Structures are given as C-alpha cells and as structure tokens.
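Visitor: I am new to this structure and would like a close look at one part, the aromatic pairs. Please start there, and then carry on to the helices and strands.

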Amino acid sequence: MNRREWMCRAGLLSSAAAASSLFPLKTNAALSNNSFKLDLTVWKLGISGNQDDAIAWADQFGFESVGAHTDEVSKWNNAEHERYKQKLKEAGLQWGTANMPVDFRNDEVRFRDGINNLPAVAKSLKKAGIESAITYIMPCHNDLTYLANFKQHSSRLKQIGKILADHGLRFGMEYVGTESLRNRRKYPFVHTLTEGLELIESIGLDTVGLVMDCWHWHNAQDTVDDLKLLQPKHVVSIELNDAPTGLARNFLQDNRRELPSATGVIDTAGFLNGLAKQGIRGPLMAEPFNQPFRDMPRQQGIALIAQSLRNSLSLV
C-alpha cells in the first residue's frame, strides 16, 4: 500500500485534497476545546526533528502547544532560554510536556547516574517554563515478579517524582496495555488503568499522574466506566492513536498503529468524552508508530497529524 492509498483509507485525505491543499503556509487557528490542547510532540512521532523544527511545525500547522526536547533544553544557557521563550511567544505556543530522562528500568548504577543528574535537568526545564515530564511503564519483566517489580518502581519513581516536584514539575507515567508486548517476558506488570492508579497511590505524591493513551486503554480492555476513576490530578497528558482493522486485541502490535480516529477500531469519542467529563485537562498528542507516516515528507506527515487530532477533537 502506498502513502496516498493509506491516507485515503484512513479517511485523512481525499484524492482532491491530496492533489491541492496539503501544505498550507499557515493553517487556521487550532480547534478550540476547553479540555484539551492540540499538541505536537515530535519525539513521540518516530521521526527526526529538533526543538526548532518542532516549534516551526507547530506554528505552521496551528498547534497550541509543543513538546520539549529534554536533551536540548537541559543544555541551554541563559541566552538560549530567552531566545526560546521569545520564539514560543511569537508563535503563540505554550509548552506541552518533556521526556523524563532517568533510566529507572535497569540496574541501580544507571538509575543512580540518572537521579544524580536529574536536579540540574529539572532546573533547566522549569526555567524554560515547562511544567511536566513523562515516561512509560514497561508491562513485563524477565526476572522480577509483579510484587518485586512494583516495589522497585514505587521506590524509584517516588525519587524521580520528588525531584521533579521540588522544581515545580508534574510527573506522568504511561501504562502499556498491549498484550503481545506484555507476553514477551516471563512476568507481567502494570498494564491497566486501575493498576496505574495503584502505582500512583503507592508513590504518594500529588504531582505524579498518568499519561492516558487510548491505544493502551483499548488494549488493556479498560472501559469508559473505568475513566470515572480519574480525577484531574491523575492525568498529565493524553495520547491518541487508532488500531488496524481486522485484528483481535491479542494480535495487535505496539509498533503498528494508525493515526487518531483513522479506522474507528478504538472508541476515541468515548475515550475523550469520558476524560472531559472528569474535568481532565492537558496536551493532546498523537503517537503513530506507523511506517507509511514515517516515510512521508515531514510537512505532509505533520499536516496529517494536525488533521487527525482535529478530527478527534470534533467528537467531543
């Protein structure tokens, strides 16, 4: 399947649009929504692009916020901090979220190295005006049982969350619901909304919450009713994808997704409306692990991301 066929199948681009209107110089303002901010986080897209690229694309295609590249922000000097504040102001953008850099999934040495460096990183993120950092929870382990893994995660993530909180940053964790990924290792781990909330409770910090991704919500067999467990403090950011058609949940692969609202396999309307009813606020981004998207020219792909998110927001 070529790129044009994929886009038309996904309902993101008509044949006429494909020929005429893919590259607007400047799109209309982002669709206004009281709950969600249209966000472009380039490091979630599986494509290359630095902080300057991200801001330029977000500006061009009418996003409201832009994800921060922690590896860049952590190295900025005073002049660079001021320059990027001005770039955001001129573009009418806010920061979305940043990637949390500490390796907490492996050995103690790597974890300690990351923890020791985190205060300086957090200080730079805060100085830039960034308000949160996020990560994901691997849903399985070869050596640690569920209980042992839970204890390790709770301890390590609390240390991370405390440092971030000391610098005025929230900390979001994404539970991973994909069954085919969970089954790759011996011991399963946190992979549902309820378990994610249990992990947050064990950490015991009000500044620690979840990254709610509709892909993982769907794969975990979480429901709209499960979203009623959430309070606004529980959610740091929101991610949208869709799933391929014709596959049962247990055959879905984490790295083979569709753009938001592209196929209708995932109940995007139920997901977003369920979050909105709970008073959830936050940046709304796409995370399409999708090869046709990656193969597109960059601006063409970003235009489709913007359109797919707007299509999804129209359901709220």
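**From a ring pair to the barrel**

Guide: Counting rings of Phe, Tyr and Trp (its six-membered ring) as a pair when their centres lie within 6.5 Å, we arrive at five aromatic pairs. Before we zoom in, please keep in mind that this is a predicted model, in which local features need pLDDT of at least 70 and side-chain atom pairs count only at pLDDT 80 or more, while totals for chains, interfaces and linings use all residues. Residues are numbered from 1 along each chain as its sequence is written, and side-chain values use heavy atoms, with hydrogens and water left out.

One of the pairs joins tyrosine 146 and phenylalanine 189: the ring centres are 5.2 Å apart and the planes stand at 55 degrees, so this pair is tilted. The cut-offs are simple: planes under 30 degrees apart count as stacked, over 60 as edge-to-face, and the rest as tilted. Because tyrosine 146 sits in helix 7 and phenylalanine 189 in the loop between strand 7 (187–188) and helix 9, the pair ties together parts 43 residues apart in sequence. Helices (H or I, at least four residues) and strands (E, at least two) are DSSP runs numbered from the N terminus.

Now follow helix 7 (residues 146–166) to helix 9 (residues 193–203): their axes come within 9 Å and cross at roughly 55 degrees. Axes here are lines fitted to C-alpha atoms, for helices over the stretch in contact, and angles run from 0 to 180 degrees between N-to-C directions. Helix 7 and helix 9 are therefore oblique to each other; under 35 degrees would count as roughly parallel, over 145 as roughly antiparallel, 65 to 115 as roughly perpendicular, and the rest is oblique. On the helix 7 side, Tyr146, Phe150, His153, Ser154, Leu157 and Lys158 make the contact, and on the helix 9 side Glu195, Glu198, Leu199, Ser202 and Ile203 (contact means heavy atoms within 4.5 Å). These residues divide into five nonpolar, three polar and three charged, where Ala, Val, Leu, Ile, Met, Phe, Trp, Tyr, Cys and Pro count as nonpolar, Asp, Glu, Lys and Arg as charged, and the others, Gly among them, as polar.

Next come the strands. Eight of them close into a barrel with parallel pairing, in the order 1-2-3-4-6-8-9-10; two strands pair if DSSP finds at least two bridges between them. From one strand to the next, the twist averages 35 degrees. Strand 2 (residues 65–68) and strand 3 (residues 94–99) share three bridges, and valine 66 stands opposite tryptophan 95 in strand 3. Strand 3 is linked to strand 4 (residues 132–137) by two bridges, with asparagine 99 partnered by isoleucine 134. Strand 4 in turn pairs with strand 6 (residues 170–175) over six bridges, where alanine 133 has phenylalanine 171 as its bridge partner.

Finally, look at helix 3 (residues 51–60) and helix 5 (residues 78–91), which pack at about 15 degrees with their axes 10 Å apart. That angle makes helix 3 roughly parallel to helix 5. Here Gln51, Asp52, Ile55 and Asp59 of helix 3 meet Arg83, Tyr84, Lys87, Leu88 and Ala91 of helix 5, a set of four nonpolar, one polar and four charged residues. Helix 5 also packs with helix 6 (residues 108–128), at about 40 degrees and with axes 10 Å apart, which makes helix 5 oblique to helix 6.
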